[in-house]
Amino acid sequence: MLSAAMVGVVVTMMLALVRATAGPTVFDRVLAVNMIGTKTILLICIGGFAAGRPDFVDLALVYGLVNFTGMVALVKFCRFGNLASDQPEEAGAQEVL
Amino acid sequence: MSEVLGHWNQVAVIVLMMIGLYTVISSDNLVKKVIGLNLFQVAVIMFYVSMGKVAGGTAPIFPVDEAGNYVTDIAFSNPLPHVLMLTAIVVGVATTALGLSLVIRIQEAYGTVEEDEILDMDHREAHV
Amino acid sequence: MIEPLLFVLLLALAVAILKLKDLFAIAMLSGAFSLVSAGLFTLMDAVDVAFTEAAVGAGFTTVLFLGTLAVTANTERQQPFRLGPLLVVLVVGAVLIWAGLDAPLYGDPTAPVHTHLGAEFIGRAPSEIDMPNIVTAVLASYRGYDTMGETAVIFTAGVGVMLLLGGRKGRDLDEEDQD
Amino acid sequence: MPLSEQEMGKSPMRMRDKLVLRVVSMAFIPFILLFALYVQFHGDYGPGGGFQAGVIFAAGVILHGLIFGLRSAERVIPPKVVEIMSALGLLLYVGTGLLCVALGGRFLEYGVLDHHDPVHGQHYGIILVEAGVGIAVASVMLCIYYAVAGRGRR
């Protein structure tokens with residue numbers, strides 16, 4: 001049962017990978033990569049329970065917390081073009097968040 | 001063929017390693033070369049970790065039973081490759097940072113990170 | 001057997017990284033690559049390695065690559081196809097696979113790796129160190145010299161980055177106080 | 001929520017003015033830092049340790065830097081402090097080894113740290129060494145972030 005769930009999660013990750021590779025816009029890619037991250041969290045939770053060591057949910061937690069930093073960096077980069085300043089580069093750009 | 005399938009982990013790791021190597025030697029872009037090195041590094045780490053796996057084993061952390069004693073009579077995966085690779089990952093990211101700062105300096109000095117253009121500039125400078 | 005399936009996904013990610021020309025997308029995909037590889041580490045029982053890979057790959061490496069891309073060009077130039085690298089890679093890969101066929105099978109408990117030092121550590125750790133996590137015990141105590149060297153390498157890399165990128169002095173010259 | 005004139009600053013488009021992002025990250029950053037400490041000190045009992053804790057701590061500060069600007073992060077943890085701490089972390093590691101020598105053992109032989117019970121000595125030694133690793137890794141990572149992100153501003 002748990003193995004079937006894991007196979008399902010991996011198949012979902014593959015679908016997300018197709019979108020991340022093909023994705024015409026940046027936001028398709030960001031969403032798809034974020035989805036791969038979320039599915040990895042699920043995979044680790046299921047794997048922990050399948051191995052009978054559910055205390056490894058710690059690992060899933062660190063994904064959830066640190067993945068957020070990476071996503072904010074991605075979004076900031078494609079909005080501002082750098083990671084340091086908090087001023088937008090071009091005036092009148094579209095609000096994206 | 002069944003020989004190869006029995007060693008699926010090594011075959012997969014070597015294919016991954018070769019993709020990384022190909023990225024390093026075929027691309028002229030220095031940033032992409034660093035990413036290729038990262039792929040290569042993950043492949044090596046994966047190789048070590050897959051060697052440490054014991055069938056039917058569990059992660060090398062002793063479970064604690066109700067009485068507070070460690071359960072030691074179950075099979076554990078080998079902790080030694082994990083220790084070596086754990087430090088290798090952090091060292092790897094530190095050296096990646098060093099490589100990327102070299103790329104930044106190259107960009108500032110030459111105005112490009114494409115290797116052949118940089119070599120062209122060097123040659124022209126040497127002949128002037 | 002979920003590991004081979006996940007490995008296929010990992011290989012697909014690597015090929016996508018190789019094929020794409022948009023370096024921003026590549027930075028993004030390399031983040032996803034290390035996430036997936038960390039998932040694979042968990043399934044191979046290396047929870048500590050997975051922990052490190054997750055912390056490093058998901059957050060820090062992405063930030064690092066994006067910080068570099070902010071300075072350099074965002075797309076890779078189109079390259080002509082070259083036969084040399086492909087031949088080198090194919091030959092090296094074939095030799096490595098041929099050499100690897102003599103190695104013990106995946107998960108074989110009688111492999112030489114498991115019969116000497118690893119078993120020794122697992123047997124001695126409960127009485128000598130008395131900590132549940134064998135990896136921490138080996139990392140900090142049995143192989144303490146090794147870890148000290150690694151810490152020194154990290155420190156040296158940090159010093160190198162500081163020297164290359166100028167530290168505080170280089171930055172403060174050309175920027176007025178904006179906050 | 002209306003923002004005061006000072007909070008708005010010169011440009012209304014800054015990262016920190018995005019309400020959802022700011023509120024979520026304000027809620028996240030303390031948890032990331034706390035989780036780093038948990039990973040540091042729970043590393044003896046579960047997965048984790050100094051290397052992981054250092055990177056997670058740095059990720060928390062980097063998130064602050066991304067949302068509120070590099071300048072703000074450099075005010076929270078100044079680059080000078082980071083540079084000193086990265087050396088201090090390594091010194092704490094080496095110092096633990098030298099302390100063992102001073103107490104009559106060999107280099108990094110933690111058993112002598114507690115003269116009643118060598119197993120307790122091992123625990124003290126491992127905690128000290130992991131703390132050194134955590135401090136060194138966190139500060140080197142922050143150092144690299146300050147250096148690389150500061151370049152991108154030009």
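Is Glu76(C) buried or exposed? In this predicted model, Glu76(C) turns out to be buried, since its relative accessible area is just 6% and the cut-off for that label is under 20%. Its side chain is not without a partner, though: Lys21(C) and Glu76(C) meet in a salt bridge, with 3.7 Å from N to O. The two come from distant parts of the chain, 55 residues apart. Lys21(C) sits in the loop between helix H1 (3–19) and helix H2 (23–43) of chain C, while Glu76(C) belongs to the loop between H3 and H4 of that chain. Lys21(C), at 24% relative accessibility, counts as partly exposed, so this salt bridge pairs a buried acid with a partly exposed base.

That pair is one of 14 salt bridges counted over all chains. Some of them share partners, and in this way Asp28(B), Glu114(B), Asp116(B), Glu117(B), Arg77(C) and Arg82(C) end up in one network. One link in that network can be looked at in detail. Asp28(B) forms a salt bridge with Arg82(C), and the closest N and O atoms are 3.3 Å apart. Because Asp28(B) lies in the loop between H2 and H3 of chain B and Arg82(C) in the loop between helix H3 (47–69) and helix H4 (83–100) of chain C, the pair joins two chains. As for the surroundings, Asp28(B) is buried at a relative accessible area of 8%, whereas Arg82(C) comes out as partly exposed at 35%.

Chain B also has a salt bridge of its own, between Glu115(B) and Lys33(B), again with the closest N and O atoms 3.3 Å apart. Here the partners are 82 residues apart, and the link runs from helix H5 (residues 115–127) to helix H3 of chain B. This time the acid is the partly exposed partner, as Glu115(B) has a relative accessible area of 29%. Lys33(B), at 16%, counts as buried.

Turning to the rings, the count over all chains comes to eleven aromatic pairs. One of them is formed by Phe68(A) and Phe28(D), with 4.6 Å from centre to centre and 50 degrees between the planes, which makes the pair tilted. This pair crosses between chains: Phe68(A) is in helix H3 (residues 57–80) of chain A, and Phe28(D) is in helix H2 (residues 19–42) of chain D. The two rings get different labels for accessibility, because Phe68(A) is buried at 18% and Phe28(D) is partly exposed at 25%.

Another aromatic pair stays within chain B. Phe62(B) and Phe76(B) are arranged edge-to-face, with centres 5.2 Å apart and planes at 85 degrees. Both residues lie in the loop between helix H3 (30–52) and helix H4 (79–110) of chain B, 14 residues apart. Both are buried as well. Rings also form a cluster across chains B and C, where ring pairs link Trp8(B), Phe7(C) and Tyr106(C).

Trp8(B) brings in helix H2 (residues 8–26) of chain B. This helix has 19 residues and reaches 26 Å from its first C-alpha to its last, close to the 27 Å expected at 1.5 Å a residue. Of those 19 residues, 16 are buried, so H2(B) is largely enclosed by the rest of the structure.

That leaves the interface of chain D and chain C. In terms of residues, 51 of chain D are in contact with 48 of chain C. The size of an interface is often given as the accessible area lost when the parts come together. For chain D and chain C, the area buried is about 4,600 Å², and carbon and sulfur atoms give 68% of it. On the side of chain D, Phe51(D), Arg71(D) and Arg151(D) lose the most area to chain C, together 13% of what that side buries. Despite the two arginines in that list, the count of salt bridges between chain D and chain C is zero. Polar contacts are found, however, with 13 residue pairs across the interface. The elements of chain D that give two or more residues to this side are H2, helix H3 (50–68), helix H4 (70–76), helix H5 (79–102) and helix H6 (118–152). Among these, H6(D) gives the most, with 20 residues.

Conventions:
Residues numbered from 1 in each chain as written. Chains lettered and ligands numbered in written order. Predicted model: local features only at pLDDT ≥ 70, side-chain atom pairs only at ≥ 80, totals over all residues. Heavy atoms only, no water. Phe/Tyr/Trp six-rings, centres within 6.5 Å; stacked < 30°, edge-to-face > 60°. Helix = DSSP H or I, 4+ residues; strand = E, 2+ residues; numbered from the N terminus. Buried < 20%, exposed > 50% of the residue type's maximum accessible area, 1.4 Å probe, protein only. Expected span 1.5 Å × (residues − 1). Contact = heavy atoms within 4.5 Å. Buried area = accessible area lost by both parts, 1.4 Å probe. Salt bridge = Lys/Arg side-chain N within 4 Å of Asp/Glu carboxyl O. Polar contact = N/O pair within 3.5 Å; in protein donor to acceptor, adjacent residues only side chain to side chain.
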